[in-house]
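This report looks at charged pairs, a sulfur link and a nonpolar core. The sequence and model come first.

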Amino acid sequence: MIRKRVPAAVAMTLAAGAGVVGLTASPAAAQAVPCVQKVAVVNNGGFVVNFQITTRDGQLSAPTDDYPINQWRIVDLASTPFAEGVDVRPLVHAQAGDDVPGNVFVSYCANGQTATYTANGTTLDYSVTLLT
């Protein structure tokens, strides 16, 4: 009998399909990056905004107060009902305009770090982008 060497990725896929236990991804691998405790949104748009934190399953935090261009607000995720490890992003509301979510999710970790997003554009045409 001739045996062929099977690449590791193929072997893992085959093993997973065969019901082999122990080949699952760790929870940390499934989290969004970066992992932060606070979320800030800088208003660089020509409008007044507020924002809430939203999760992948649509849960929402309380909204921030309204604030104009060239100001920012920060939400400490420890003050929200969300558990550590959940993925979150801001949902920005422009007064008399649209609601726009942040372009990417980040994970909540009690580490003191902050993810900063910027809101840029006009009331009905703006984006919310994570700074890198």
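## Salt bridges

The structure holds 2 salt bridges. The model is a predicted one, and the distances below are computed from it.

One bridge joins the side chains of Arg56 and Asp87, at 2.8 Å from N to O. The partners come from distant parts of the chain, 31 residues apart. Arg56 sits in the loop between strand 3 and strand 4 (72-76). Asp87 belongs to strand 5. Their surroundings contrast. Arg56 has 54% relative accessibility and counts as exposed, because the cut-off for exposed is over 50%. Asp87 has a relative accessible area of 9% and is buried.

The other bridge pairs the side chains of Asp65 and Arg73, with N to O at 2.9 Å. Asp65 is partly exposed at 44% relative accessibility. Arg73 is also partly exposed, with a relative accessible area of 22%. As a general point, side chains of opposite charge can pair when their charged atoms come close.

## The disulfide

How many disulfides does a search of the whole structure find? The count is 1. The link is formed by Cys35 and Cys109, and their sulfur atoms lie 1.4 Å apart. The angle about the S-S bond is 60°, and the link of Cys35 and Cys109 is right-handed.

Cys35 lies in strand 1 (residues 35-36), and Cys109 lies in the loop between strand 7 and strand 8, so the pair ties together parts 74 residues apart in sequence. The two cysteines fall into separate accessibility classes, because buried means under 20% relative accessible area. Cys35 is partly exposed at 23% relative accessibility. Cys109 is buried at 19%.

## The nonpolar core

The largest nonpolar core has 23 residues. Which residues have the most contacts inside it? They are Val39, Phe51, Ile53, Val106 and Tyr117. Six elements are listed as giving two or more residues to this core: strand 2 (38-43), strand 3 (49-55), strand 5 (87-94), strand 7 (106-108), strand 8 (114-122) and strand 9 (125-130). In soluble globular proteins, nonpolar side chains tend to be buried together.

Phe51 shows the packing in detail. Leaving out residues up to four places away in sequence, Phe51 touches Val39 and Val41. Phe51 also touches Ala62, Pro63, Thr64 and Tyr67. Further contacts of Phe51 are Arg73, Val75, Pro90, Leu91 and Val92. Arg73 thus appears twice in this report: Phe51 touches Arg73, and the Arg73 side chain meets that of Asp65 in a salt bridge.

Note on methods: Residues are numbered from 1 along each chain as its sequence is written. This is a predicted model: local features need pLDDT of at least 70, side-chain atom pairs count only at pLDDT 80 or more; totals for chains, interfaces and linings use all residues. Side-chain values use heavy atoms; hydrogens and water are left out. A nonpolar core is a set of buried Ala, Val, Leu, Ile, Met, Phe, Trp, Tyr and Cys residues joined through side-chain atoms within 4.5 Å. Buried means under 20% relative accessible area, exposed over 50%, partly exposed in between (1.4 Å probe, protein chains only). Helices (H or I, at least four residues) and strands (E, at least two) are DSSP runs, numbered from the N terminus. Contact means heavy atoms within 4.5 Å. A salt bridge is a side-chain nitrogen of Lys or Arg within 4 Å of a carboxyl oxygen of Asp or Glu. A disulfide is a pair of cysteine sulfur atoms within 2.5 Å.
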